[in-house]
Amino acid sequence: MARVLTITANTLIDHLAEATIVAGKVNRTARFTAVAGGKALNMARVLARHGHHVIAAGFAGAENGEQLARLAAADGLEPAFTTTAARTRLGFLAVQADGGTTSLMENGFEVTPDEVGALVQRVRALLADDSGSDGRPALVLIGGSVPHPSCVGLYRTILADCAAAGVPCWVDAYGPAMDEALAGAHPPALAKPNREEYAGADALGNAGHGGRKWLACGELHLTDGSGTVRVRHPDGRFRVTPPKVQELNAIGSGDCYVAALAAARLSGAPLIEQLRYAAAAGAANAARADVARIGPAEIRALLDRVEVVTAGDDA
């Protein structure tokens with residue numbers, strides 16, 4: 001199995017409950033389950049369930065960072081967080097028994113330039129570390145937004161460091177930090193925007209032309225909720241139709257798609273099988289109340305219901 005480094009800048013301690021929220025009322029639940037949240041941490045959980053050695057880097061606040069690290073470790077991850085003076089953001093997620101979710105979370109938290117520099121140095125050390133039995137990371141996954149304007153150039157810097165180390169880096173992010181990453185000398189090897197992120201305004205506010213910037217990526221997976229995924233790969237273009245499932249909670253399904261794609265690629269599976277596996281993972285996640293806690297068995301159960309077809313240049 002491979003060593004994988006995940007980077008979650010805007011980490012989150014989420015609190016999950018299965019409950020129906022009624023506006024204007026006092027809503028009660030049996031309990032909340034604390035979860036180490038953020039896009040790349042979701043990816044990390046799925047990869048760990050595939051047996052990979054996953055190192056979880058990112059920011060963790062001094063006030064509640066130890067809790068974040070404990071939650072990550074309980075998920076089978078190796079915590080490698082950089083401490084910030086400001087606490088990690090909090091979130092609450094209610095999942096209804098008949099499907100549908102209500103989520104409330106803080107936007108981010110303050111990060112100083114020195115703290116950004118410390119995370120960059122930590123990532124560089126991890127990229128250069130050959131001490132483990134599985135060597136340096138075979139893949140780096142960056143996921144999610146950044147917590148503070150001081151981090152706008154973070155992904156661009158990490159991409160350059162990955163290029164220097166010869167390690168591929170995939171990025172599933174949005175906003176100004178993603179714009180910087182796409183405009184850099186070493187854009188992501190793979191990106192997975194959703195339709196809104198793909199067509200949205202760029203960092204300068206130029207609406208309607210956002211799609212052009214994604215041409216910098218060597219590989220692009222354009223998702224559309226439970227709809228068809230359009231893939232641009234060096235070996236061709238494809239349309240991937242996920243299986244239909246009864247959705248309970250679709251949050252994190254895109255993260256599961258990326259993680260399962262990475263797991264299949266690291267295993268050496270053919271490209272079409274990678275795409276099938278990724279789409280099945282997204283659907284498997286949506287059929288559960290919890291977030292990114294699927295493993296190979298849940299994914300394999302849906303594989304036969306995924307459709308992959310080649311597509312033309314308009315895909």
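Strand β11 (residues 219–222) and strand β12 (residues 229–233) are paired in the antiparallel sense over three bridges, where strands count as paired if DSSP finds at least two bridges between them. Within this pair, Leu222 stands opposite Arg230 in β12. Helix α8 (residues 271–286) packs on the sheet, where it touches β11, β12, β13 (236–241) and β14, and its direction makes about 30 degrees with that of β13. Contact here means heavy atoms within 4.5 Å, while axes are lines fitted to C-alpha atoms, for helices over the stretch in contact, with angles running from 0 to 180 degrees between N-to-C directions.

The model is predicted, with local features requiring pLDDT of at least 70 and side-chain atom pairs counted only at pLDDT 80 or more, whereas totals for chains, interfaces and linings use all residues. Residues are numbered from 1 along each chain as its sequence is written, and side-chain values use heavy atoms, with hydrogens and water left out. Helices (H or I, at least four residues) and strands (E, at least two) are DSSP runs numbered from the N terminus.

**The two sheets**

Ten strands form an open sheet of mixed pairing, in the order β5-β4-β1-β8-β9-β10-β11-β12-β13-β14. Because β5 and β14 (307–310) stand at the edges with a single partner strand each, one side of each is left without a neighbour in the sheet.

Another open sheet, of four strands, has the order β3-β2-β6-β7 and is likewise mixed in its pairing. Its edges are β3 and β7 (101–105), each with a single partner strand, so one side of each lacks a neighbour in the sheet. The twist averages 25 degrees from one strand to the next. In this sheet, β2 and strand β6 (residues 89–95) pair in the parallel sense over seven bridges, and Glu18 has Val95 in β6 as its bridge partner. Helix α2 packs on the sheet, touching β2 and β3, and its direction makes about 90 degrees with that of β3.

**Helices α2 and α3**

The table lists the buried residues (under 20% relative accessible area) and the exposed ones (over 50%), with partly exposed in between, for a 1.4 Å probe and protein chains only.

| Helix | Buried or exposed | Residues |
|---|---|---|
| α2 (residues 65–74) | buried | Gly65, Leu68, Leu71, Ala72 |
| α2 | exposed | Glu66, Arg70, Ala74 |
| α3 | buried | Glu115, Val116, Leu119, Val120, Val123, Leu126, Leu127 |
| α3 | exposed | Asp114, Ala128 |

In α2, Gly65, Leu68, Leu71 and Ala72 are buried; they cover an arc of only 120 degrees around the axis, which puts them on the same side of α2, the arc being that of the directions from the helix axis to the C-beta atoms. The cover over these buried residues includes β2 (12–18), β3 (33–37), α1 (39–48), β4 and β5. Just after α2, Gly76 takes a positive phi of about 85 degrees.

For helix α3 (residues 113–128), the 16 residues should span 22 Å at 1.5 Å a residue, which agrees with end C-alpha atoms 23 Å apart; the expected span is 1.5 Å times one less than the number of residues. The buried residues of α3 pack against β1 (3–8), β4 (53–61), β5 (78–84), β8 (139–143) and α4 (154–165).

**Helices α4 and α5**

The axes of α4 and helix α5 (residues 176–183) come within 7 Å and cross at roughly 35 degrees. At this contact, Tyr155, Arg156 and Leu159 in α4 meet Ala177, Glu180, Ala181 and Ala183 in α5.
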